[in-house]
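Please walk through this structure with me, beginning at its nonpolar interior and moving from there to the annotated positions and to one acidic residue in a loop.

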Amino acid sequence: MTRTALLVTHTGRRRSTEHARTVAADLIGAGFEVRVVAEEAEDLDLPGAVPVTGLEAAEGAEIVFALGGDGTFLRAAELARPAKVPLLGINLGKVGFLAEAEIDDLDLAVRDVVGRNYSVDERLTLDVTAEFEGGPTIESWALNEISVEKGERAQMLELLVDVDGRPLSRYGCDGVVCATPTGSTAYAFSGGGPVVWPEVEALLLVPISAHALFSRPLVTAPTSTFSITVDPFTTLAVLCCDGRRVYDLPPGARVTVRRGALPVRIVRLRDRSFTDRLVAKFDLPVHGWRGNRR
């Protein structure tokens, strides 16, 4: 039976394209059918690769490779999630927090996949719906975060936040971030939220630059539901999912965020501690600025 892999990469970067060709050649040599996103096929110029389109691109595949930074990983997740196919990130960008392997491990990563020497984790996701008068219901999802933010730079956004059907607080703010543990090191982190280990099942809510006496980040149960209502007399807002899918929200819009029905399945090549990943990706000073005096 033919094994199949889908390759997703950043074709705007020459180095990414060259590495994608190397991975494709190695996989084809190992007997894989290699698919590429049709829009990337011409730039990649991979002999023997099969161009695919639409959300069904990963259907029936064994694995999806994301070669690039976190943006490429999130784009690849849009294809891997509906097909329930595991996703392997190889960092060709800067931080690459979502990636499992670095560029120096590229050959080894491919060999592990060919030899089926990997495990798969499931990461919690978010589903979101937005409803407003005079427009269709918006439905989307996110692996990292869903944010409701102000659409006009010069004006503050007024938001009412409910948790599990009960009013929590009204914020005058730049917005609110609803995040997963996976996304706790992304936008929510820059907004002052906590780092949450990915094995923890929880949801995060982080107000952005709130003009309020109480604007602490919150960690809730994974079964919780967030409702965010844009004040009818406030400014235009935008709904943003993983920084990739953006929708305009008029005053009065109501956004509901809950745990996603489908997780994202992520490939693990090594049994590596999340603490080690955190230290490496953020270059944390383990010995402190004073050094080890013992």
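In this predicted model, the largest nonpolar core holds 31 residues, and those that touch the most other members are Val148, Leu239, Leu249 and Val255. Strand S11, running over residues 157-163, gives this core its largest share, 4 residues. Val148 shows how such a member is surrounded: leaving aside neighbours within four places in sequence, Val148 is in contact with Leu239, Leu249 and Val255, and its other partners include Leu157, Leu159, Val176, Ile228, Val230 and Val238. The contacts of Val148 also take in Asp174, Gly175 and Ala237. A second core, separate from this one, has 26 residues, among them Ile63, Ala109, Val110 and Val267. In soluble globular proteins, nonpolar side chains tend to be buried together.

From the interior we can turn to the positions marked in the UniProt record. An unreviewed entry there carries the annotation "binding site", which covers Asp70, Gly71, Arg75, Asn144, Glu145, Asp174, Thr185, Ala186, Tyr187, Ala188, Phe189 and Ser190. These residues do not all gather at one spot, because they span 121 residues in sequence and the farthest two of their C-alpha atoms are 25.9 Å apart. From this set, Thr185 is part of the lining of the largest cavity.

Two members of the annotated set touch one another in the model, Ala186 being in contact with Glu145 and also with Asn144 when residues up to four places away in sequence are not counted. Glu145 belongs to strand S10, residues 145-150, and its relative accessible area of 8% is under the 20% limit, so Glu145 counts as buried. Beyond its sequence neighbours within four places, Glu145 is in contact with Ala186 and Tyr187, and with further residues including Leu126, Val177, Cys178, Cys240, Cys241 and Asp242. Ala186, by contrast, is found in the loop between strand S13 (175-179) and helix H5 (187-190), and Ala186 is partly exposed, with a relative accessible area of 27%.

What, finally, does the side chain of Asp231 make a polar contact with? Asp231 is found in the loop that joins strand S16 (226-230) to strand S17 (237-241), and its side chain makes a polar contact, at 3.0 Å, with the side chain of Arg170. Apart from neighbours within four places in sequence, Asp231 is in contact with Glu158, Pro251 and Gly252 as well as Arg170. Although Asp231 is in a loop, Asp231 is classed as buried because its relative accessible area, 16%, is under 20%.

Conventions
Residues are numbered from 1 along each chain as its sequence is written. This is a predicted model: local features need pLDDT of at least 70, side-chain atom pairs count only at pLDDT 80 or more; totals for chains, interfaces and linings use all residues. Side-chain values use heavy atoms; hydrogens and water are left out. Helices (H or I, at least four residues) and strands (E, at least two) are DSSP runs, numbered from the N terminus. Buried means under 20% relative accessible area, exposed over 50%, partly exposed in between (1.4 Å probe, protein chains only). A polar contact is a pair of N or O atoms within 3.5 Å; within protein, one must be able to donate a hydrogen and the other to accept it, and residues adjacent in sequence count only if both atoms are side-chain atoms. Contact means heavy atoms within 4.5 Å. UniProt positions are given in the numbering used here, feature names are shortened, and annotations may be inferred rather than shown by experiment. On a 1 Å grid over the protein atoms alone, a cavity is a set of points where a 1.4 Å probe fits but cannot get out, and a pocket is an open set with protein on both sides within 12 Å along at least five of seven lines; lining residues have an atom within 4 Å of a point. A nonpolar core is a set of buried Ala, Val, Leu, Ile, Met, Phe, Trp, Tyr and Cys residues joined through side-chain atoms within 4.5 Å.
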